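Got a new structure on the screen and not sure where to look? Let's walk through it together, one feature at a time.

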Amino acid sequence: MAEATPPEAAAPAAPAAEAEEQVVNPWEVKTGSNQGIDYDKLIRQFGSSKVSPELLERFERLTGKPPHRFLRRGVFFSHRDLSSILDAYEKKEPFYLYTGRGPSSQSMHLGHLIPFIFTKYLQDAFNVPLVVQLTDDEKFLWKNLTAEECHDLAYKNAKDIIACGFDVDKTFIFSDFDYMGSCPDFYRNVVKVQKCVTLNQARAIFGFADTDCIGKVSFPAIQAVPAFSTSFPDIFGREKNVKKVKCLIPCAIDQDPYFRMTRDVAHRLGHCKPALIHSTFFPALQGSQTKMSASDGNSSIFLTDTAKQIQKKVNKEAFSGGRVSVEEHRKYGGDTTVDVAYKYLTFFLDDDAKLQQIKEDYEAGRMLTGELKKELIGVLQAMVAEHQERRATVTDELLKQFMTPRPLCRAA
Ligand code: TRP
């Protein structure tokens, strides 16, 4: 089918004039503003669409599920073709979810949880299969780790992902190193995508340099193909109409370049363009100029942190929107637009009324920074402790089940 619209991948990664202020690509997220990334600007730059109140209403009407707080509060704020997935759901046509993680650290942090918490909610709301790609190959190419270490990290991270509550009857988690070698259909799709994208195009989308190894240049095809149902014959079968099974990808918006490329080649390979729903970034403890990063231990709260460590990090590191003295704070109030503890509460405190009360009290100076941080510490300690409990119950046997290619239950 001929493409009427100009290729999305051609959208410039960052126009020169704006590049100084904010940089968003799969390898770097930073801005000069302590209020964080300008997400409206990003939507304009990338050419995606805003998640509108009408779209949320339709989502609620069709699934009968109230919108997740990540939707109510604009954490998942941008999309591509989400309505096509809602159409499919309405018409009872099959589709699946695809998300992933690059396993580069022993322990995942709070920011890594965001897409998985949301994907679990979508799996429950839609009752559809999910595939989770662990890009151990990607991390080997980009980081100073051995292939064996990356593979091992994939398995460790898979346990944390399973602990988010995914349904084993509907979820397939795979390491690229394992699956690429065992599934010819997957590898065939990788090579088909590689043939569709020129070096010029890959450069324009990802900014590769002449000194980058060729592994990096060819990797995007590997992240692309889980968006095509024919890459999973054990799940979807081998019949011709499998190509009609649509895909929805929840991810942080820095992953969009991969999927602009995927969407550009989809029709040429006889597949539907995958739909996307994008999240904002989870800010570093030190402020919203960057996202939380596992390579900077002080900027992160890890899922392995103890209650004490959480308390210490929040109290010591979390950038505050409070005033310099208690007197000034009482008089002028705190600034929730830059306060990291407040921002974290918007991600993890589910109670809308309570969050609103905290906002009003803090901005009016009735609540002090220490009190705000105490609220956050309580929420995080409970959440991390629950995660640790669930992770402790994930046996190697269960892990193996999740990671075995097999048919998955589909929506009735
Ligand atoms: N590249 C991603 C990372 O480094 C991992 C990933 C692979 C992914 N496939 C994905 C993320 C699909 C979101 C959706 O973390």
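What follows is a chat between a learner and a teacher about this predicted model.

Q: Let's start with charges. What is the idea behind a salt bridge?
A: Side chains of opposite charge can pair when their charged atoms come close. In this predicted model, a search of the whole structure turns up 25 salt bridges.

Q: Which residue does Asp256 meet in a salt bridge?
A: That would be Arg260, with 2.7 Å from N to O. Both residues sit in helix H15, which covers residues 256-266, and they are four residues apart, or about one turn of the helix.

Q: Is Asp256 buried or exposed? And how about Arg260, buried or exposed?
A: Here you need a cut-off: buried means under 20% relative accessible area. Asp256 has 0%, so Asp256 is buried. Arg260 also comes out at 0%, so Arg260 counts as buried too.

Q: Which residue pairs with Glu363 in a salt bridge?
A: Look at Lys359: the two side chains meet at 3.3 Å, N to O. They belong to helix H19 (residues 352-363), and because they are four residues apart there, about one helical turn separates them.

Q: How should I read the accessibility of Glu363 and Lys359?
A: The band between 20% and 50% is called partly exposed. Glu363 has 32% relative accessibility, so Glu363 goes in that band. Lys359, at 27%, counts as partly exposed as well.

Q: What does Asp361 pair with?
A: Asp361 forms a salt bridge with Arg366, and the closest N and O atoms are 2.9 Å apart. Asp361 has a relative accessibility of 17%, so it counts as buried.

Q: Which residues are joined into one network by salt bridges that share partners?
A: Try selecting Arg69, Arg72, Arg73, Asp350 and Asp352. Shared partners link these five names into one salt-bridge network.

Q: What about charges on the surface: which residues gather in a patch of positive charge?
A: You'll find Arg188, Lys192, Lys240 and Lys243 gathered there. To place one of them, go to the loop between helix H14 (233-236) and strand S8 (246-252), where Lys243 lies. Lys243 has 32% relative accessibility, so Lys243 counts as partly exposed.

Q: And where is Val245?
A: Val245 lies in the loop between H14 and S8. Its relative accessible area is 8%, so Val245 is buried.

Q: Let's move on to rings. How many aromatic pairs are there?
A: The count comes to 37 aromatic pairs. Take Trp27 and Phe208: their ring centres are 6.2 Å apart and their planes are at 50°, so this pair is tilted. Trp27 is in the loop between strand S1 (22-25) and strand S2 (28-31), while Phe208 is in the loop between helix H11 (199-206) and helix H12 (214-218), so the pair ties together parts that are 181 residues apart in sequence.

Q: How accessible are Trp27 and Phe208?
A: Trp27 is partly exposed, at 35% relative accessible area, whereas Phe208 is buried, at 7%.

Q: What kind of pair do Phe282 and Phe347 make?
A: Their ring centres are 4.8 Å apart and their planes are at 85°, so they count as edge-to-face. The pair links distant parts of the chain, 65 residues apart: Phe282 is in the loop between strand S9 (275-279) and strand S10 (283-284), and Phe347 is in helix H18 (residues 340-348). Phe282 is buried at 5% relative accessibility, and Phe347 is buried at 6%.

Q: Which residues form one aromatic cluster?
A: Phe282 and Phe347 are in it, and other members include Phe59, Tyr89, Phe126 and Tyr344. Phe126 lies in helix H6 (residues 110-126) and is buried, with a relative accessible area of 2%.

Q: One last feature: which sign does phi have at Asp81?
A: Phi is positive at Asp81, about 60°, although Asp81 is not a glycine. Asp81 lies in the loop between strand S4 (76-80) and helix H5 (82-90), and is partly exposed at 34%. Lys92 has a positive phi of about 60° too, and is not a glycine either. Look for Lys92 in the loop between H5 and strand S5 (95-101); at 71% relative accessibility, Lys92 counts as exposed.

Notes:
Residues numbered from 1 in each chain as written. Predicted model: local features only at pLDDT ≥ 70, side-chain atom pairs only at ≥ 80, totals over all residues. Heavy atoms only, no water. Salt bridge = Lys/Arg side-chain N within 4 Å of Asp/Glu carboxyl O. Helix = DSSP H or I, 4+ residues; strand = E, 2+ residues; numbered from the N terminus. Buried < 20%, exposed > 50% of the residue type's maximum accessible area, 1.4 Å probe, protein only. Patch = residues over 30% accessible without salt bridge, like charges linked within 9 Å, V, L, I, M, F, W, Y side chains within 5 Å. Areas by Shrake-Rupley, 256 points an atom, 1.4 Å probe, with all protein chains shown as cover. Lys, Arg positive; Asp, Glu negative; His and termini not counted. Charge placed at Lys NZ, Arg CZ, Asp CG, Glu CD. Phe/Tyr/Trp six-rings, centres within 6.5 Å; stacked < 30°, edge-to-face > 60°.
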